[in-house]
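Visitor: I am new to this structure and would like a close look at a single part, namely how its helices pack against one another. Please take me through that slowly, in one connected answer.

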Amino acid sequence: MSAQTAGLGVAIALVALGAVGAVLLREVMRVLISLGVFLFGVAAVYAYLGYPFLAVAQVFVYVGGVLVLMVFAVMTARRDRSERPAFVSRHDVGSAAIAAGTGAMLFLGLRPLFQDAGFARSSAVSDLAQELLGPRLLAFEAGGVLLLAALIAVAAALRGGEDR
Amino acid sequence: MIALGLSCAVFALGLYGVLSRRDLIGVLVSVELMLGAGGILLAAAGAASGATSGAVQSIALMVLLLAAAEAAVGLSLLLALHRRSGRTRVDELSEVSG
């Protein structure tokens with residue numbers, strides 16, 4: 001088994017284990033740890049496909065930012081009750097059936113587009129810079145405006161008020 | 001094809017979490033799973049179609065940016081709800097139901 005195949009196997013295992021744990025575990029800190037494993041796995045898949053900058057951005061933004069924010073939110077708004085176990089009600093079984101059907105439909109619908117396995121033709125960061133400062137400059141700037149709007153929305157939502 | 005199967009499975013897991021979870025943090029985590037699955041699918045489709053690396057990475061970065069903004073706003077709403085009512089479960093939040 002080549003090192004590349006082993007790397008892909010590890011990445012897929014991280015993604016699968018993290019996703020299953022994040023959905024099926026009920027203790028909230030374990031859920032967040034599973035989410036961290038999943039996000040690292042996604043970064044590894046990006047790197048395997050030939051997008052190293054995307055992998056690094058994924059780790060910085062998600063594992064270093066969003067996950068820490070979630071841990072902070074859980075510490076602030078501590079839950080006083082644990083969730084019931086998975087698959088104990090008819091609602092859970094129905095949800096699982098809907099989710100499985102949607103996943104299968106997506107797989108069957110998109111399968112013709114993925115006949116050829118491929119990797120990125122180039123992993124140079126200069127390609128990304130040319131793309132962002134060239135044809136996608138407007139989208140890049142709009143992304144910055146969106147982040148500013150999100151920052152203002154966060155400040156407005158949390159403005160004033162005392163803890164209950 | 002492996003990436004397609006993986007992303008569809010993760011998307012389905014995330015959808016199950018959104019539909020079955022009662023805790024707002026759990027719902028947000030499930031949404032993050034669905035966005036991660038979309039990112040994997042986007043990168044794999046770009047690689048399979050022979051698109052330029054810059055184009056694929058720039059579009060995936062936009063998705064990453066949207067997901068980060070969504071998480072920040074969602075968590076701030078969760079904290080605001082907790083400060084206002086002390087509850088973070090979706091089945092206990094009925095203030096807007098009229």
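**How the helices pack**

Guide: In chain A, α2(A) and helix α3, which covers residues 52–76, pack with their axes 8 Å apart and at an angle of about 170 degrees. An angle over 145 degrees counts as roughly antiparallel, and α2(A) is therefore roughly antiparallel to α3(A). This is a predicted model, and within chain A the confidence is highest in helix α2, residues 28–49, at a mean pLDDT of 89. On the side of α2(A), the residues that meet α3(A) include V28(A), M29(A), L32(A), L35(A) and G36(A), and further along L39(A), F40(A), V42(A), A43(A), Y46(A) and A47(A). From α3(A) they are met by residues among which are P52(A), L54(A), A55(A), Q58(A), V59(A) and Y62(A), together with V63(A), L67(A), M70(A), V71(A) and V74(A). Sorted by class, the residues of this contact of α2(A) with α3(A) are 20 nonpolar and two polar, with no charged residue.

From here we can turn to the packing between the chains. In total, 75 residues of chain A are in contact with 62 residues of chain B. On chain B, the side that touches chain A draws at least two residues from each of α1 (2–20), α2 (24–49) and α3 (53–85), and α3(B) gives the most to that side, with 25 residues. By class, this side of chain B has 40 nonpolar residues, 17 polar residues and five charged residues.

One pairing across the chains joins helix α4 of chain A, residues 90–110, to α1(B), with an angle of about 155 degrees and a distance of 8 Å between their axes. That angle makes α4(A) roughly antiparallel to α1(B), and the crossing of the two helices is right-handed. Along α4(A), the residues that meet α1(B) include H91(A), D92(A), S95(A), A96(A) and I98(A), as well as T102(A), G103(A), L106(A), F107(A) and L110(A). Their counterparts in α1(B) include L4(B), G5(B), C8(B), A9(B) and F11(B), and also L15(B), Y16(B), L19(B) and S20(B). The residues of the contact of α4(A) with α1(B) divide into 16 nonpolar, six polar and one charged.

Another pairing brings helix α5 of chain A, residues 125–132, against α3(B), where the axes lie 8 Å apart and the angle is about 65 degrees. These two helices, α5(A) and α3(B), are therefore roughly perpendicular to each other, and their crossing is right-handed. The contact is made by D127(A), L128(A), Q130(A), E131(A) and L132(A) of α5(A), together with S53(B), G54(B), A55(B), Q57(B) and S58(B) of α3(B). By class, the residues of the contact of α5(A) with α3(B) are three nonpolar, five polar and two charged.

The confidence values belong beside this picture. In chain A the confidence is lowest in α5(A), at a mean of 76, while the mean pLDDT of chain A is 81, with 85% of its residues reaching 70 or more. For chain B the mean pLDDT is 84, and 95% of the residues of chain B reach 70 or more; within chain B, confidence is highest in α1(B), at 89, and lowest in α3(B), at a mean of 84. For the complex, the predictor gives an ipTM of 0.88 and a pTM of 0.84.

Definitions and conventions: Residues numbered from 1 in each chain as written. Chains lettered and ligands numbered in written order. Predicted model: local features only at pLDDT ≥ 70, side-chain atom pairs only at ≥ 80, totals over all residues. Contact = placed C-beta atoms within 7 Å. Helix = DSSP H or I, 4+ residues; strand = E, 2+ residues; numbered from the N terminus. Nonpolar A, V, L, I, M, F, W, Y, C, P; charged D, E, K, R; others polar. Axes fitted to C-alpha atoms, helices over the stretch in contact; angles between N-to-C directions. Parallel < 35°, antiparallel > 145°, perpendicular 65-115°, else oblique. Left-handed = near helix turned anticlockwise from the far one by under 90°. pLDDT = per-residue confidence, 0-100.
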